[in-house]
Amino acid sequence: MSGSDRQGRLRRYWDRHADSYDRQMAFAERRLFRDTRAWVGGRASGDVLEVAVGTGLNLPHYPAGVRLTGVEWSPRMLAVARRRAPEIGRDVDLRLGDAQALDLPDVSFDTVVCTFSLCAIPDERRALAEMRRVLRPGGLLLLADHVPSTAWPVRVAQRLAELVSVPVGGEHFLRRPAALVRDWGWKVDAHDRFALGIVERLAARKPSA
């Protein structure tokens, strides 16, 4: 299967799950993710880009003064976010697009956000490189995702889960995007892991020079 065929199949997968996505996430939101969406949203400022905005679950957590843009590659997920935004009084520019090739200018955002999505983006390194490209010098990158547990029995279960989740929906459980960003040498403003190390969140600042 070619790369474009695979991406098309994955897009259709997320389209099929768009209407039930929030219900499917409800357990993880309560038991695993805790206050992570507020932790991320409360740190955003200025011109904010959310990559893989999904159904817009982060939208209520951004400060009132931010200028918000959201990019999502699943049309049906994006449609849910577009319904949610006016319901909560949020003014946001929601666009269809690919996290791996953002149709946005260089150094155009003060904050870039991506939560619980790099696990399912086909090439997470390309997506992170795009986030770095569009972030202004001194800007803040905010990431949160489920990652390999610090408990080895859980890691074994995650590895077994990937045997199904990766071919079916492209979802990985053993990626660590925060570790990739740390390799860039950026200043880390905040970082933590919890829930047996399964949830990791990072606030890292792009060098000003």
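Here a colleague asks a modeller how the descriptions of this predicted model were reached.

Colleague: What should I keep in mind about the model and its numbering?
Modeller: It's a predicted model, where local features need pLDDT of at least 70 and side-chain atom pairs count only at pLDDT 80 or more, while totals for chains, interfaces and linings use all residues. Residues are numbered from 1 along each chain as its sequence is written, and side-chain values use heavy atoms, with hydrogens and water left out.

Colleague: How do you know how many helices and strands the protein chain has?
Modeller: Helices (H or I, at least four residues) and strands (E, at least two) are DSSP runs, numbered from the N terminus. Going by that, the protein chain has seven helices and seven strands. Along the sequence they come as α-α-α-β-β-α-β-β-α-β-α-α-β-β.

Colleague: What makes the protein chain as compact as a globular protein of that length?
Modeller: The yardstick is the globule rule, 2.2 Å times the number of residues to the power 0.38, with the radius of gyration taken over C-alpha atoms. For 209 residues the rule gives 17 Å, and the radius of gyration here is 16 Å, close to that, so the chain is as compact as a globular protein of that length. The C-alpha trace spans about 40 × 35 × 35 Å along its principal axes.

Colleague: How do you know which strands pair in the sheet?
Modeller: Two strands pair if DSSP finds at least two bridges between them. The seven strands form an open sheet with mixed pairing, in the order β3-β2-β1-β4-β5-β7-β6. For instance, β1 and β2 are parallel and share five bridges, with D47 opposite R67 in β2. Three bridges link β1 to β4, also in the parallel sense, and L49 faces V112 in β4. Strands β6 and β7 (residues 199–205) run antiparallel, joined by seven bridges; there A190 stands opposite A203.

Colleague: Why are β3 and β6 called edge strands?
Modeller: Both β3 (92–96) and β6 (187–194) pair on one side only.

Colleague: Why is β1 called largely enclosed?
Modeller: Buried means under 20% relative accessible area, exposed over 50%, and partly exposed in between (1.4 Å probe, protein chains only). Five of the five residues of β1 are buried, so the strand is largely enclosed by the rest of the structure. D47, L49 and V51 point one way, V48 and E50 the other, and all are buried. Across the protein chain, 53% of the 209 residues count as buried.

Colleague: Which strands does helix α5 lie across?
Modeller: Helix α5 (residues 124–134) lies across β1 (47–51), β4 (109–115) and β5 (135–146), at about 150 degrees to β5. Axes are lines fitted to C-alpha atoms, for helices over the stretch in contact (heavy atoms within 4.5 Å). Angles run from 0 to 180 degrees between N-to-C directions. Helix α4 (residues 75–87) lies across β2 (67–72) and β3, at about 170 degrees to β3.

Colleague: How do you know how many disulfides there are?
Modeller: A disulfide is a pair of cysteine sulfur atoms within 2.5 Å, and a search of the whole structure finds zero. Take C114: the nearest cysteine sulfur, that of C119, is 8.3 Å away, and C114 is in no disulfide.

Colleague: Why do C114 and C119 count as buried?
Modeller: C114 has 1% relative accessibility, so it counts as buried. C119, at 4%, counts as buried too.
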